[in-house]
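Subject: The structure for you to look at

Hi,

Here is the structure I promised to pass on. Have a look at it first, and then read on for what I found.

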Amino acid sequence: MVACYPGNGLGYVRHVDNPHGDGRCVTCIYYLNQKWDSKVHGGLLQIFPEGRSVVANIDPIFDRLLIFWSDQRNPHQVKPAFATRYAITVWYFDAKERARAKEAHQRGKARPSLVGLGAALLSASLLPWGGGLCPLVL
């Protein structure tokens, strides 16, 4: 998915990418914003790691790759942006969880968040690592 915040003070409210078991297990965000200054332009990504009293404030600077768990371990939000802000997001999926979500949707038991995941999605089998790690910022 390609996201463009128009820079007129819009952000994105605190949320979890996969609150209902739709298969997304890892969120990868790549930033495309050259000469970004969060003190002037805003647009910080804030992550609130579950069970911790810290907030990760991440500048959306050019050529930064951010990787974090898509479930309740990492609620996050985008603070209002005052310049055009670009990001590409890709989700890696747990194949078994995704198959269960699709079956539930076909039976008419899907939650609204399972509908319309028409973003660029990569299918993956269950990832081999575990734990409640903080986001990886490159």
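Two strands count as paired here if DSSP finds at least two bridges between them. By that rule β3 and β6 form an antiparallel pair, with five bridges between them. Within this pair, Y30 sits opposite L65 of β6. Please keep in mind that this is a predicted model.

β3 has another partner too: strand β8 (residues 85–93) pairs with β3 in the antiparallel sense over seven bridges. There, C28 faces V90 in β8. How many of the residues of β3 are buried? Seven of the eight are, so β3 is largely enclosed by the rest of the structure.

Stepping back to the whole chain, you will find two helices and ten strands. Along the sequence they come in the pattern β-β-β-α-β-β-β-β-β-α-β-β. Of the 138 residues, 40% count as buried. Contacts reach far along the sequence: among those between residues at least 6 apart, 83% join residues at least 24 apart. The chain exposes about 8,000 Å², and carbon and sulfur atoms supply 57% of that.

There is also an open sheet of four strands, in the order β2-β7-β4-β5, with antiparallel pairing. Its edges are β2 (10–15) and β5 (56–58); each has a single partner strand, so one side of each is left without a neighbour in the sheet. From one strand to the next, the twist averages 20°. At one end of that order, strand β4 (residues 45–47) is joined to β5 by three bridges, and Q46 stands opposite N57 in β5.

Now for the interior. In soluble globular proteins, nonpolar side chains tend to be buried together. The largest nonpolar core in this model has twelve residues: A3, Y5, I29, Y31, L45, I47, I58, L66, F68, V78, A81 and A87. Two or more residues each come from β1 (2–5), β3 (24–31), β4, β6 (65–69) and β7 (76–81). If you want one core residue to click on, try V78: leaving aside residues up to four places away in sequence, V78 touches Y5, G11, Y12, G43, L44, L45 and R85.

Finally, a word on confidence. The pLDDT averages 83 over the chain, and 78% of the residues score at least 70. Over residues 112–136, however, the pLDDT is below 50; this stretch has 50 contacts in the model beyond near neighbours in sequence.

Best wishes

Key. Residues are numbered from 1 along each chain as its sequence is written. This is a predicted model: local features need pLDDT of at least 70, side-chain atom pairs count only at pLDDT 80 or more; totals for chains, interfaces and linings use all residues. Side-chain values use heavy atoms; hydrogens and water are left out. Buried means under 20% relative accessible area, exposed over 50%, partly exposed in between (1.4 Å probe, protein chains only). Contact means heavy atoms within 4.5 Å. Accessible areas come from the Shrake-Rupley method with a 1.4 Å probe; for residues, only the protein chains shown count as cover. Axes are lines fitted to C-alpha atoms, for helices over the stretch in contact, and angles run from 0 to 180 degrees between N-to-C directions. A nonpolar core is a set of buried Ala, Val, Leu, Ile, Met, Phe, Trp, Tyr and Cys residues joined through side-chain atoms within 4.5 Å. pLDDT is the predictor's confidence in each residue, from 0 to 100.
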